Each structure stands twice: as C-alpha cells, then as structure tokens.
Amino acid sequence: MLDRLAELPFWQAFLALFASAMVRSTGTYWLGHGAIASWRRYRGSHGDLTARAEDLLRRLGPVAVTLSYLTVGVQTAIHLTAGVMRMPLRWYVPAAVLGSVIWAVLYATVGLAVAQAWLAAEAGSWWGIAVVAAAVLAVAAWLLARSHARSSAASSSSAPEHDPDVRATSV
C-alpha cells in the first residue's frame with residue numbers, strides 16, 4: 001500500500017492522505033458526539049489518556065485538535081473527547097482541516113520517504129538501512145532531550161525559593 005502511495009505524484013498522495021485523515025478524525029468526533037454511555041466505559045479503562053485529552057481541550061480548545069495530528073497515541077482520544085464535550089463544529093472542522101493538511105504534507109513528504117527507506121532496508125539496501133538508522137537515532141535523541149528537559153524542570157521547581165532574610169556576604 002505504501003509503495004503504491006509513494007509512486008503517486010505529490011498532489012495525489014496528499015489528497016489521499018488528507019481524505020483519510022479527515023474521514024478518520026471526523027468519524028471519531030461523531031462517535032464521541034453520539035456515544036456518551038460508551039464514553040463512560042472507555043473513560044474508565046483509559047482514564048489517564050482521556051484526562052489528558054480533556055485537559056488539553058479545555059486549555060487549548062481547537063488548537064489541541066490541530067496539534068493532535070502531530071502526536072501518536074493521544075490523537076484518537078482528543079477527537080473522541082472533542083465529540084463527547086460537544087465542541088462546536090465551527091471550531092472543530094477548521095481545526096481538523098488544518099491538522100489534516102499538516103499531517104498529509106508531512107506524511108506525503110517525510111513519512112513516505114521513511115517508509116520507502118524502511119522497505120529498501122528490508123530488501124537489503126545499505127542506503128535504506130542508513131536512512132532508517134538515522135531516523136531511529138533522531139527519534140532516540142529527541143526522546144532523550146525531552147526526558148532531560150522534563151527532569152531539569154522538575155528539579156528546578158523543587159529547588160528552595162530565595163529567602164529574603166538571608167543576605168549574601170562577600171569574602
């Protein structure tokens with residue numbers, strides 16, 4: 001499937017990816033919109049994920065919908081939660097269109113290139129193996145930097161506050 005998509009001209013690949021993103025996200029929205037009883041069961045089994053989605057939607061509104069297209073693992077929860085929370089369509093649809101456009105552009109360019117490299121690596125191509133290795137290293141570096149930033153933020157927030165009664169002395 002990916003190899004056939006990669007062979008298409010950019011605009012055709014983009015349109016196919018855009019359509020699939022819109023169908024999936026708006027379908028998930030409408031499932032959430034009409035399934036309150038099922039939501040309670042889903043929320044019970046996915047409490048942390050749905051709590052994060054609700055928090056993001058309350059804080060960011062439609063921006064959370066747009067940004068969800070850049071995530072893995074929370075995208076469905078955000079669209080389902082947007083439906084359950086009855087986000088107005090005048091906000092949801094433009095956010096979903098913008099997110100679908102961003103996702104389709106990224107996937108039609110970088111995503112398909114990585115998929116082609118993966119397929120080439122599976123076929124034994126050294127170039128394919130090198131590209132896949134570089135992508136894995138880039139993701140690992142990003143995760144490490146993110147983890148380090150979080151631990152630095154946590155340690156700095158637990159540092160004692162400045163005491164105005166303590167005066168600095170010079171030696």
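## An all-helix chain: salt bridges, pocket and surface patch

The protein chain has eight helices and zero strands, where helices (H or I, at least four residues) and strands (E, at least two) are DSSP runs numbered from the N terminus. Read along the sequence, the pattern is accordingly α-α-α-α-α-α-α-α. The model is a predicted one, in which local features need pLDDT of at least 70 and side-chain atom pairs count only at pLDDT 80 or more, while totals for chains, interfaces and linings use all residues. Residues are numbered from 1 along each chain as its sequence is written, and side-chain values use heavy atoms, with hydrogens and water left out.

Of the 171 residues in the protein chain, 28% are buried; here buried means under 20% relative accessible area, exposed means over 50%, and partly exposed lies in between (1.4 Å probe, protein chains only). Helix H6 (75-84) is mostly covered, since nine of its ten residues are buried, among them Gln75, Ile78, His79 and Leu80. Helix H6 is followed by Arg86, a residue of the loop between H6 and H7. The phi of Arg86 is near 60 degrees, a positive value in a residue other than glycine. Most residues other than glycine have a negative phi. In terms of cover, Arg86 is partly exposed, with a relative accessible area of 41%.

Earlier in the chain, helix H4 (residues 47-60) deserves attention for its charged side chains. A search of the whole structure finds two salt bridges, a salt bridge being a side-chain nitrogen of Lys or Arg within 4 Å of a carboxyl oxygen of Asp or Glu. In one of them, the side chains of Arg58 and Glu54 meet with an N to O distance of 3.5 Å; both residues lie in H4, four residues apart, about one turn of the helix. The two partners differ in cover, because Arg58 is exposed at a relative accessible area of 59%, whereas Glu54 is buried at 10%. In the other, Asp55 pairs with Arg59, and the closest N and O atoms are 3.1 Å apart. Asp55 and Arg59 also both lie in H4, four residues apart, about one turn of the helix. Asp55 counts as partly exposed at 38% relative accessibility, and Arg59 counts as exposed at 56%.

Helix H7 (89-122) contributes both to a pocket and to a surface patch. The largest pocket holds about 640 Å³ of space. On a 1 Å grid over the protein atoms alone, a pocket is an open set of points where a 1.4 Å probe fits, with protein on both sides within 12 Å along at least five of seven lines, and lining residues have an atom within 4 Å of a point. Grid points are joined across faces, edges and corners, and the volume is the space filled by probe spheres set on the points. The elements that give two or more residues to the lining of this pocket are H7 and helix H8 (126-157), and H7 gives the most, with six residues. The lining has 15 residues, of which Tyr69, Leu70, Thr71, Val72 and Trp142 lie nearest the centre of the pocket. By residue class, the lining divides into eleven nonpolar, two polar and two charged, where Ala, Val, Leu, Ile, Met, Phe, Trp, Tyr, Cys and Pro count as nonpolar, Asp, Glu, Lys and Arg as charged, and the others, Gly among them, as polar.

On the surface, Leu60, Val63, Leu67, Leu70, Leu98, Ile102 and Leu106 make a nonpolar patch of about 570 Å². Helix H5 (62-68) and H7 are the elements that give two or more residues to this patch, and H7 gives the most, with three. Patches are made of residues with over 30% relative accessible area and no salt bridge, nonpolar side chains (Val, Leu, Ile, Met, Phe, Trp, Tyr) being joined within 5 Å, and the accessible areas come from the Shrake-Rupley method with a 1.4 Å probe. One member of the patch, Leu98, lies in H7 and is partly exposed, with a relative accessible area of 45%.

Finally, two pairs of residues link distant parts of the sequence. Leu17, found in helix H2 (residues 10-34), counts as buried at 5% relative accessibility. Leu17 and Ser100 are 83 residues apart in sequence and 8.1 Å apart in space, C-alpha to C-alpha. Val101, placed in H7, is partly exposed at 29%, and the C-alpha atoms of Val101 and Met22, 79 residues apart along the chain, are separated by 9.1 Å.

Terms used: Patches are made of residues with over 30% relative accessible area and no salt bridge: like charges are joined within 9 Å, nonpolar side chains (Val, Leu, Ile, Met, Phe, Trp, Tyr) within 5 Å.
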